[in-house]
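Here are my notes on the model you sent over, point by point. Have it open while you read, since I jump around the chain a bit.

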Amino acid sequence: QRILSIIEAIFLIGIWLVAIIFLCFFLSLCMSKNVDTLRKDVGILRSMGIKNNAIRVSMYSIMALSAIPALIFFAVVAFAVYTSPTLNPMVPFIHAPHYALIVLGMFIIVMRLAGKNNKRIFKQSVRKTLRGGNEE
């Protein structure tokens, strides 16, 4: 009985890890598509002489807003697990502080992705950004 409960706990942790990894990939996809569409906008802002810090702050806020679909998806799944009588016994260790920790982790991932994309955008020259393509 004890071995079975340990195997079940390991299996449930594995499921949650896969879900978190999927969520990270989903966030990354949302962020990369968003950055690709905003690249020329940032080039125009830079060519107008707007300070890089102002552009960076706006990019961080845009990235945070583009994570809203992933957060909504997470909230719907969490609510479904909480309200479903068949699913709720499978994840008894997930409580409100755990959900808050997952949301905090998502926020950290979004901010890291935004920082990485900001570095990538500001590494290119304004001319190359407006013309398109990658500067290598």
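1. First, the usual caveat: this is a predicted model, so read everything below in that light. The secondary structure comes to 5 helices and 0 strands, and from the N terminus on the elements run α-α-α-α-α.

2. Some global numbers. The protein has 136 residues, and 28% of them count as buried. Its accessible surface comes to about 9300 Å², with 72% of that belonging to carbon and sulfur atoms. If you take the contacts between residues at least 6 apart in sequence, 81% of them join residues at least 24 apart.

3. Now for helix geometry, starting with α2. This helix covers residues 52-66, and at 1.5 Å a residue its 15 residues should span 21 Å; the end C-alpha atoms are 21 Å apart, so expectation and model agree. Which residues of α2 are buried? They are Ile55, Met59, Met63 and Ser66. These cover an arc of only 75° around the axis, so they sit on the same side of α2. The face turned away from that buried side carries exposed Asn53, Val57 and Leu65.

4. Helix α3 can be read in a similar way. It takes in residues 68-83, 16 residues that should span 22 Å at 1.5 Å a residue, and its end C-alpha atoms are 22 Å apart, which agrees. Ala70, Phe74, Ala78 and Val81 are the buried ones here. Looking down the axis of α3, you find these within an arc of 65°, so they line one face of the helix. On the other side of α3, Ile72, Val76 and Phe79 are exposed. Worth a look on screen, given which side chains those are.

5. Helix α4 runs over residues 96-123. Its 28 residues should span 40 Å at 1.5 Å a residue, and the end C-alpha atoms are 41 Å apart, which agrees. The buried list for α4 reads Tyr99, Ile102, Met106, Val110, Leu113, Ala114, Gly115, Asn117, Asn118, Ile121 and Phe122.

6. Pick Asn118 out of that list. This residue of α4 has a relative accessibility of 2%, which is under the 20% cut-off, so Asn118 counts as buried. What does Asn118 contact, leaving aside its neighbours within four places in sequence? The partners are Arg56, Met59 and Tyr60. Of these, Met59 also belongs to the buried residues of α2.

7. Helix α1 spans residues 2-47, and Arg46 is located in it. With a relative accessible area of 17%, Arg46 is buried. Not counting residues up to four places away in sequence, Arg46 touches Asn52, Ile55, Ile121, Phe122, Gln124, Ser125, Val126 and Thr129. Several names in that set have come up already: Ile55 is buried in α2, while Ile121 and Phe122 are buried in α4.

8. Two more α1 residues are handy for seeing what this helix packs beside. Arg39 lies in α1 and, at 11% relative accessibility, counts as buried. Its C-alpha atom is separated by 9.8 Å from that of Asn117, with the two positions 78 residues apart along the chain as the sequence offset. Lys33, also placed in α1, is exposed or buried? At 52% relative accessibility, Lys33 counts as exposed. The C-alpha atoms of Lys33 and Ser66 are separated by 9.9 Å, and the two residues are 33 apart along the chain.

9. On to helix α5, where Lys128 has its place. Lys128 is at 19% relative accessibility; buried means under 20%, so Lys128 counts as buried, though I'd keep the cut-off in mind when quoting that label. C-alpha to C-alpha, Lys128 and Lys40 are 9.7 Å apart in space, against 88 residues in sequence.

10. Last, the surface. Ile44, Met48, Ile50 and Leu130 form a nonpolar patch there, together offering about 340 Å² of accessible area. Leu130 belongs to α5, which covers residues 126-131. At 33% relative accessibility, Leu130 counts as partly exposed.

Terms used
Residues numbered from 1 in each chain as written. Predicted model: local features only at pLDDT ≥ 70, side-chain atom pairs only at ≥ 80, totals over all residues. Heavy atoms only, no water. Helix = DSSP H or I, 4+ residues; strand = E, 2+ residues; numbered from the N terminus. Expected span 1.5 Å × (residues − 1). Buried < 20%, exposed > 50% of the residue type's maximum accessible area, 1.4 Å probe, protein only. Arc of directions from axis to C-beta. Patch = residues over 30% accessible without salt bridge, like charges linked within 9 Å, V, L, I, M, F, W, Y side chains within 5 Å. Areas by Shrake-Rupley, 256 points an atom, 1.4 Å probe, with all protein chains shown as cover. Salt bridge = Lys/Arg side-chain N within 4 Å of Asp/Glu carboxyl O. Contact = heavy atoms within 4.5 Å.
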